[in-house]
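Dear colleague,

I am passing on the structure below for your own work, and my notes on how its helices pack follow directly after it. Please read them alongside the coordinates.

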Amino acid sequence: MAQALESIYYTISYRGREGHWAWLLHRVAGIGILLFLFLHIVDIFLVGVGEEIFTKFLFIYSHPLFKVAELALIFGVLYHAFNGVRIILVDFRPERFSNWKTQRTMFRIVLVVTLIFFIPAAITTIGPLFHFEPPWWIPL
């Protein structure tokens with residue numbers, strides 16, 4: 001247990017610069033997406049088991065805690081996608097994109113673009129929990 005905690009500490013505290021945070025967020029987002037995929041596979045499997053058990057399982061999607069997890073999933077998918085584009089650029093043009101100043105700038109651009117897409121999605125997702133009507137420019 002102590003070794004696992006030490007490993008987690010070194011993973012979180014290693015370097016701590018933009019490249020490290022990009023790497024760490026990309027892995028955490030990927031694990032979150034994978035966990036949701038497993039949940040979705042179980043969900044689809046239950047359709048074949050029976051309608052009643054499937055309907056009982058659906059309560060999980062309407063629970064407020066799942067809405068919070070859904071926000072994390074939306075952020076994870078968006079970040080993973082945009083950071084994936086950043087990684088592709090670095091892989092295909094390392095002479096242009098692999099210096100640390102460009103890496104820092106690209107990481108910040110990824111975060112800004114992620115937030116631009118995440119905020120309307122978050123309002124749409126958790127707005128009904130707070131009886132909030134989203135503005136007309138956010139589709140439901």
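In these notes, an angle between axes counts as roughly parallel under 35 degrees, as roughly antiparallel over 145, as roughly perpendicular from 65 to 115, and as oblique for the rest. The axes are lines fitted to C-alpha atoms, for helices over the stretch in contact, and the angles run from 0 to 180 degrees between N-to-C directions. Helices are DSSP runs (H or I, at least four residues), numbered from the N terminus.

This is a predicted model, in which local features need pLDDT of at least 70 and side-chain atom pairs count only at pLDDT 80 or more, while totals for chains, interfaces and linings use all residues. Residues are numbered from 1 along each chain as its sequence is written, and side-chain values use heavy atoms, with hydrogens and water left out.

The mean pLDDT (the predictor's confidence in each residue, from 0 to 100) of the protein chain is 86, and 90% of its residues reach 70 or more. Among the elements, helix 5 (residues 64-92) has the highest mean, 93, and helix 1 (residues 2-13) the lowest, 74.

Helix 5 and helix 7 pack with their axes 9 Å apart at an angle of about 150°, and they are therefore roughly antiparallel to each other. Their crossing is right-handed (the near helix is turned clockwise from the far one by less than a right angle; anticlockwise would make it left-handed). The residues of this contact (heavy atoms within 4.5 Å) divide into 19 nonpolar, four polar and three charged, where Ala, Val, Leu, Ile, Met, Phe, Trp, Tyr, Cys and Pro count as nonpolar, Asp, Glu, Lys and Arg as charged, and the others, Gly among them, as polar.

Helix 2 and helix 5 have axes 8 Å apart at about 125°, so the two are oblique to each other, and the crossing is left-handed. Residues in this contact include Trp 21, Ala 22 and Leu 25 of helix 2 and Phe 66, Leu 73 and Gly 76 of helix 5; by class, the contact has 12 nonpolar, seven polar and one charged residues.

The axes of helix 2 (residues 18-49) and helix 7 (residues 100-126) come within 9 Å and cross at roughly 45°, and this pair is therefore oblique as well. The contact is made by Glu 18, Trp 21, Ala 22 and Leu 25 of helix 2 and Arg 104, Phe 107, Arg 108 and Leu 111 of helix 7.

With kind regards
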